[in-house]
Amino acid sequence: KGDDVNLASLLDEIRARDERDTQRAVAPLKPADDAIQLDSTALSIEQVLGQILSEAAKRDLA
């Protein structure tokens, strides 16, 4: 049970940090205007790499 409390506290601290970092006046933490965001939650490493290489080819970077 102690681990659950520590994990919940840690997640709260991470969320608070991320909120501060994205809302700060100077150099807010945010993706570049031309960034592509890839949700890799359900993807294998190979699938992520494939999508990255495909996007690089589309942009004539590979």
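Is Ala35 buried, partly exposed or exposed? I looked this up at the start, keeping in mind that the model is a predicted one. Ala35 has a relative accessibility of 39%, so I noted it as partly exposed. I then checked its place in the chain, and found Ala35 in the loop that lies between helix H1 (2-23) and helix H2 (45-58). I also looked up how far Ala35 is from Thr22, and for these two residues, 13 apart along the chain, the C-alpha atoms are separated by 16 Å.

**Entry on the loop**

I stayed with the loop between H1 and H2, where Ala27 is also placed. The phi of Ala27 is near 50 degrees, which I wrote down as a positive value in a residue other than glycine. Ala27 counts as exposed, because its relative accessible area is 54% and the cut-off for exposed is over 50%. Pro28 is found in this loop too, and I noted Pro28 as partly exposed at a relative accessible area of 31%. Leaving out residues up to four places away in sequence, I found that Pro28 touches Asp21 and Thr22.

**Entry on salt bridges**

How many salt bridges does a search of the whole structure find? The search finds five, and I looked up several of them one by one. Asp21 forms a salt bridge with Arg24, with the closest N and O atoms 3.2 Å apart, and Arg24 counts as partly exposed at 36% relative accessibility.

In helix H1, the side chains of Asp12 and Arg15 meet in a salt bridge of 3.6 Å, N to O. Asp12 and Arg15 are three residues apart in the helix, so about one helical turn separates them. An α-helix has 3.6 residues a turn, so residues three or four places apart point the same way. Asp12 is partly exposed, at 49%, whereas Arg15 is exposed, at 54%.

In helix H2, I found a salt bridge between Glu55 and Lys58, whose closest N and O atoms are 3.8 Å apart. These two residues are also three apart, about one turn of the helix. Glu55 is partly exposed, with a relative accessible area of 23%, while Lys58 is exposed, with 64%. I added that Glu55, Lys58 and Arg59 are linked in a network of salt bridges.

**Entry on H2 and what follows**

I compared the length of H2 with what is expected: at 1.5 Å a residue its 14 residues should span 20 Å, and its end C-alpha atoms are 20 Å apart, which agrees. Just after H2, Asp60 takes a positive phi of about 55 degrees, although Asp60 is not a glycine. Asp60 is exposed, with a relative accessible area of 66%.

Conventions
Residues are numbered from 1 along each chain as its sequence is written. This is a predicted model: local features need pLDDT of at least 70, side-chain atom pairs count only at pLDDT 80 or more; totals for chains, interfaces and linings use all residues. Side-chain values use heavy atoms; hydrogens and water are left out. Helices (H or I, at least four residues) and strands (E, at least two) are DSSP runs, numbered from the N terminus. Buried means under 20% relative accessible area, exposed over 50%, partly exposed in between (1.4 Å probe, protein chains only). The expected span of a helix is 1.5 Å times one less than its number of residues. Contact means heavy atoms within 4.5 Å. A salt bridge is a side-chain nitrogen of Lys or Arg within 4 Å of a carboxyl oxygen of Asp or Glu.
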